[in-house]
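Biologist: I am new to this structure and would like a close look at a single part. Please take me through the charged pairs and then the aromatic rings.

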Amino acid sequence: MKSSSGQNVPEDLAGVADIYVHYVLNTVATFEVEPPSAERWLQRFEDLGARGLPFLVVVAADEVAGYSYAAPWRPKPSNRHVAEDAVYLSPKYVGRGLGTKLLEALVKASAGCGLRQMIAVIADTGDDASPPCIAASASSTWAD
């Protein structure tokens, strides 16, 4: 799994964008109606990096299979240790345990960045992906 501290993650942003396009156009999970441009993905990546927040990419068979990142929850001083998680998988890698691994790695990386709480916003649409997402988020815990 690559992380924002690695040199290759910016090279993987095209694969990240491709995965996200699928979810924007085919689901309500993103709460977006237009896929972000490649330039916007680079801005997001750089913004998270400047804040010291993790952006993780998992590569399988030489392609981006999924990614996760922690983003600021709300811009209030009392929320400085709180983040919202984002975990997305290429549809062809769903159901292989990669989402759980990405979430676990993200929680660990986020704790290492000084975050103490993570919020998951999950759109339960009743499809097969919703229950595992909810279960994985509910079972993730912070280490002391």
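Modeller: This is a predicted model, and two salt bridges are found in the structure. In one of them, R51 and D47 bring their side chains together, with 3.1 Å from N to O. D47 counts as partly exposed because its relative accessible area is 36%. The other joins E63 to K92, and here the closest N and O atoms are 2.8 Å apart. E63 belongs to strand β2, whereas K92 sits in the loop between β3 (82-89) and α3 (98-112), so this salt bridge ties together parts that are 29 residues apart in sequence. E63 has a relative accessibility of 29% and therefore counts as partly exposed.

Now to the rings. Two numbers are used below, since a pair of aromatic rings is described by the distance of the centres and the angle of the planes. The structure has 10 aromatic pairs. One of them is formed by W41 and Y67, which meet edge-to-face, with 5.7 Å from centre to centre and 85° between the planes. This pair also links distant parts of the chain: W41 is in helix α2 (residues 38-50) and Y67 in strand β2 (residues 63-72), 26 residues apart. Strand β2 is thus a place to look at twice, because E63 of the salt bridge with K92 lies in it as well.

Are these two rings buried or exposed? W41 has 1% relative accessibility, so W41 counts as buried. Y67 is at 0% and therefore counts as buried too. Y67 also pairs with Y69: their ring centres are 6.3 Å apart and their planes at 10°, so this pair is stacked. The angle decides the label, because planes under 30 degrees apart count as stacked and those over 60 as edge-to-face. Y69 is buried, with 9% relative accessible area.

The rings named so far belong to one aromatic cluster, made up of Y20, Y23, W41, F45, F55, Y67, Y69 and Y88. A charged residue also lies over rings of this cluster. R44 is placed over the face of W41, at 4.5 Å from the ring centre. R44 lies over the face of Y20 as well, at 5.9 Å from the ring centre.

To retrace the part on the model, start at W41 in helix α2 and cross to Y67 in strand β2. From Y67, go on to its stacked partner Y69. Then return to W41 and find R44 over its face.

Notes: Residues numbered from 1 in each chain as written. Predicted model: local features only at pLDDT ≥ 70, side-chain atom pairs only at ≥ 80, totals over all residues. Heavy atoms only, no water. Phe/Tyr/Trp six-rings, centres within 6.5 Å; stacked < 30°, edge-to-face > 60°. Helix = DSSP H or I, 4+ residues; strand = E, 2+ residues; numbered from the N terminus. Buried < 20%, exposed > 50% of the residue type's maximum accessible area, 1.4 Å probe, protein only. Lys NZ or Arg CZ within 6 Å of the ring centre and 35° of its normal. Salt bridge = Lys/Arg side-chain N within 4 Å of Asp/Glu carboxyl O.
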